[in-house]
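Let's take a walk through this model, one piece at a time. Pull up the structure and follow along.

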Amino acid sequence: AEQHRFAGFRQRTSVGCETPAMSAIWVEDEDGWAARSPKGFPDEGTLHDLVEKAPQLLPLAGSPRLTILGREVQLGSGRADLVAVEPSGRLAVIEVKLSRSSEARRAVVTQVLTYAAYLHGLTPEQFARDVLGSHLDRRGYSSIEAAVAADDQTSSMDVEAFRGKLADSLRHGRFRLVIVLDEAPRELIELVSYLEAVTDGLIIDVIAVGAFEIGGTNVVFPQRIDAEQRDRDSLTRTESTETGLVPGAGDFVAAVEGVPEDARALLTRLVAWA
């Protein structure tokens, strides 16, 4: 069997880039290093199946473990691709799109927000009975708690605490909304960045999953597109499309004042050191 060494290189999320997902994996074989571009997914269902079978591959903020509760779950007038829950009791709604779909840019955000609005205010009993219905039965679980307990690798689940946190998630609308694509369009990232900046109760993850074939083996490379990356990239963005050196430190010092507070102290120290 052939043996391959490979390394993935990811582009940073950039306001000037249309698709900030990883562009290539470099593979070393007997002929040396060569780039392998993503082969993509043949259809949306293939990516959907992948996420359903292995939700742990999604690099979500905070690194929670998701338990899938249902697929094509009726939420109001639409169907959510996947509904899941974290051990913390926070519910997650997952939508899967290919970037070539017109919905991958802005409509998908409307979809997940509509689903979140439908769930908001339900009791755990209403959620289990009216929303999940037969989804749990088809997966062999008698309840939401049983599904999470079966997926608990540490066997440390506190059932009563979980029920209380699930009720809190529903009551206050504290959900995780996950958008999974093969490539993440720039305008989607900017919209999600804005929503997270002005919303306290929601966590919104945009995940780009690259698909590759290396030595006859399928390889996927998931990347979370950081909603805050847009702010960090603004330090290097200029009005001109050209790049080059700028005399002095004035522009950099001025830009430091506009970054999030947790990064500002480090950059201020860097300026003093320089």
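What follows goes from a sheet to a helix lying across it, and then to a patch on the surface.

Keep in mind that this is a predicted model. A good place to start is the open sheet, which has six strands in the order E4-E5-E6-E7-E8-E9 and mixed pairing. At its edges you'll find E4 (67-75) and E9 (217-225). Each of these has a single partner strand, so one side of each has no neighbour in the sheet. If you ignore direction, neighbouring strands in this sheet are turned against each other by 30 degrees on average.

Now zoom in on E6 and E7. Strand E6 covers residues 91-96 and strand E7 covers 176-181, and the two pair in the parallel sense over five bridges. For a landmark here, look for Glu 95, which sits opposite Ile 179 of E7.

Next comes the helix. H7, residues 186-198, lies across E7, E8 (203-214) and E9. Relative to E8, H7 runs at about 150 degrees.

Last stop: the surface. Phe 252, Val 253, Leu 270, Val 271 and Trp 273 together make a nonpolar patch of about 480 Å². Which helices each supply at least two of the patch residues? They're H9 (250-256) and H10 (261-273), with H10 giving the largest share, three residues. Take Val 253, which lies in H9. Is Val 253 buried, partly exposed or exposed? Its relative accessible area is 35%, so Val 253 counts as partly exposed. That value also fits the patch, because patch residues need over 30% relative accessible area.

Key: Residues are numbered from 1 along each chain as its sequence is written. This is a predicted model: local features need pLDDT of at least 70, side-chain atom pairs count only at pLDDT 80 or more; totals for chains, interfaces and linings use all residues. Side-chain values use heavy atoms; hydrogens and water are left out. Patches are made of residues with over 30% relative accessible area and no salt bridge: like charges are joined within 9 Å, nonpolar side chains (Val, Leu, Ile, Met, Phe, Trp, Tyr) within 5 Å. Accessible areas come from the Shrake-Rupley method with a 1.4 Å probe; for residues, only the protein chains shown count as cover. A salt bridge is a side-chain nitrogen of Lys or Arg within 4 Å of a carboxyl oxygen of Asp or Glu. Helices (H or I, at least four residues) and strands (E, at least two) are DSSP runs, numbered from the N terminus. Buried means under 20% relative accessible area, exposed over 50%, partly exposed in between (1.4 Å probe, protein chains only). Two strands pair if DSSP finds at least two bridges between them. Axes are lines fitted to C-alpha atoms, for helices over the stretch in contact, and angles run from 0 to 180 degrees between N-to-C directions. Contact means heavy atoms within 4.5 Å.
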